[in-house]
Amino acid sequence: MLGNTMLRWSAPALLRRFLPRIASGEYVFAQGFSEPGAGSNLASLALRAERADNRWVLNGQKLWSSGAHRANWMFVLARTNRDAPAHRGISMLLVPLDQPGIEIRPIRNLTGETDFNEVFFDDATTEFDLVVGEVNQGEQSR
Ligand SMILES: Cc1cc2nc3c(=O)[nH]c(=O)nc-3n(C[C@H](O)[C@H](O)[C@H](O)COP(=O)(O)OP(=O)(O)OC[C@H]3O[C@@H](n4cnc5c(N)ncnc54)[C@H](O)[C@@H]3O)c2cc1C
């Protein structure tokens with residue numbers, strides 16, 4: 001899912017860095033769209049990412065993140081412009097999960113299995129260039 005999206009929206013340098021590692025299994029991505037107050041309605045998205053020098057600093061929470069406990073990266077939708085209307089100002093960022101600012105809490109279902117997770121971002125960071133598409137354009141599709 002991410003590979004195809006990056007082929008459409010990402011620059012060659014990002015493709016060269018990520019696609020071979022996705023294909024080899026070195027990078028395993030979870031999907032970070034849903035949040036406690038934001039399911040179908042993306043305009044409710046609350047995870048925020050703020051620029052600090054050459055990094056993004058992320059604070060907030062994702063929910064129902066399938067396989068995040070087995071992943072080492074997550075592609076997230078984050079609010080990068082809080083002054084924009086609710087359905088705008090969103091970016092798609094690539095975030096490494098193995099860092100102190102990330103906590104992954106598995107959700108145990110009725111069968112005792114853990115497939116989904118809550119993922120908490122507490123001053124988690126990622127490189128400023130790890131944006132799929134343009135900054136503040138993550139909600140657009142063609
Ligand atoms: C098997 C599975 C795996 C998942 N894995 C992931 C994952 O890896 N990463 C991730 O980010 N999310 C994941 N999700 C979460 C899933 O994408 C959410 O369930 C989805 O975002 C819907 O959000 P919600 O549950 O809050 O429902 P809501 O958005 O609250 O919707 C509830 C109901 O209201 C309806 N509804 C909502 N808005 C409207 C409207 N405007 N008009 C009419 N009806 C409406 C919906 O169709 C639905 O029937 C997964 C879900 C499932 C079932």
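Student: Which residues are around the ligand, and what makes a residue count as near?

Tutor: The residues around the ligand are Gln31, Phe33, Ser34, Gly39, Ser40, Trp64, Ser65, Ser66 and Phe116. A residue is near a molecule if one of its heavy atoms lies within 4 Å of it. This is a predicted model, in which local features need pLDDT of at least 70, side-chain atom pairs count only at pLDDT 80 or more, and totals for chains, interfaces and linings use all residues. Residues are numbered from 1 along each chain as its sequence is written, while side-chain values use heavy atoms, with hydrogens and water left out.

Student: How many residues of each class does the shell around the ligand have?

Tutor: The shell has 3 nonpolar, 6 polar and no charged residues. Here Ala, Val, Leu, Ile, Met, Phe, Trp, Tyr, Cys and Pro count as nonpolar, Asp, Glu, Lys and Arg as charged, and the others, Gly among them, as polar.

Student: What makes the approach of Ser66 to the ligand a polar contact?

Tutor: A polar side-chain atom of Ser66 lies 2.7 Å from a nitrogen atom of the ligand. A polar contact is a pair of N or O atoms within 3.5 Å (within protein, one must also be able to donate a hydrogen and the other to accept it, and residues adjacent in sequence count only if both atoms are side-chain atoms). The value for Ser66 is therefore inside the limit. Backbone N or O atoms take part too: one of Gln31 is 2.8 Å from a ligand nitrogen, and one of Phe33 is 2.9 Å from a ligand oxygen. As for coverage, the protein covers 35% of the 980 Å² of accessible area that the ligand has on its own, by the Shrake-Rupley method with a 1.4 Å probe.

Student: Phe33 also has a ring partner, Phe75; why is that pair called edge-to-face?

Tutor: Rings of Phe, Tyr and Trp (its six-membered ring) pair if their centres lie within 6.5 Å, and planes under 30 degrees apart count as stacked, over 60 as edge-to-face and the rest as tilted. The centres of Phe33 and Phe75 are 5.7 Å apart and their planes stand at 75°, so the pair is edge-to-face. The pair joins distant parts of the chain, 42 residues apart: Phe33 is in the loop between strand S1 (29-32) and strand S2 (48-52), and Phe75 is in strand S4 (residues 73-79). Strands (E, at least two residues) and helices (H or I, at least four) are DSSP runs, numbered from the N terminus.

Student: How do you know whether Phe33 and Phe75 are buried or exposed?

Tutor: Buried means under 20% relative accessible area, exposed over 50%, and partly exposed in between (1.4 Å probe, protein chains only). Phe75 has 5%, so Phe75 counts as buried; Phe33 has 24%, so Phe33 is partly exposed.

Student: What kind of pair do Phe18 and Tyr27 form?

Tutor: By the ring rule the count comes to 9 aromatic pairs. Phe18 and Tyr27 form one at 5.4 Å centre to centre, with 55° between the planes, and it is tilted. Both Phe18 and Tyr27 are buried. Ring pairs link Phe18, Tyr27, Phe29, Phe33, Trp73 and Phe75 into a cluster.

Student: What makes Arg51 lie over the face of Phe128?

Tutor: A charge sits over a ring if NZ of Lys or CZ of Arg is within 6 Å of the ring centre and within 35 degrees of the ring normal. Arg51 is 3.6 Å from the ring centre of Phe128. Arg8 lies over the face of Trp9 as well, at 4.4 Å.

Student: Why does the phi of Asp53 deserve a remark?

Tutor: Most residues other than glycine have a negative phi. Asp53 is not a glycine, yet has a positive phi of about 55°. Asp53 sits in the loop between S2 and strand S3 (55-63), and at 69% relative accessible area Asp53 is exposed. Asn136 also has a positive phi, near 70°. Asn136 is found in the segment after strand S8 (131-132), and with 23% relative accessibility Asn136 counts as partly exposed.

Student: Why is Met74 called buried?

Tutor: Met74 has a relative accessible area of 0%, so Met74 is buried. Met74 lies in strand S4.
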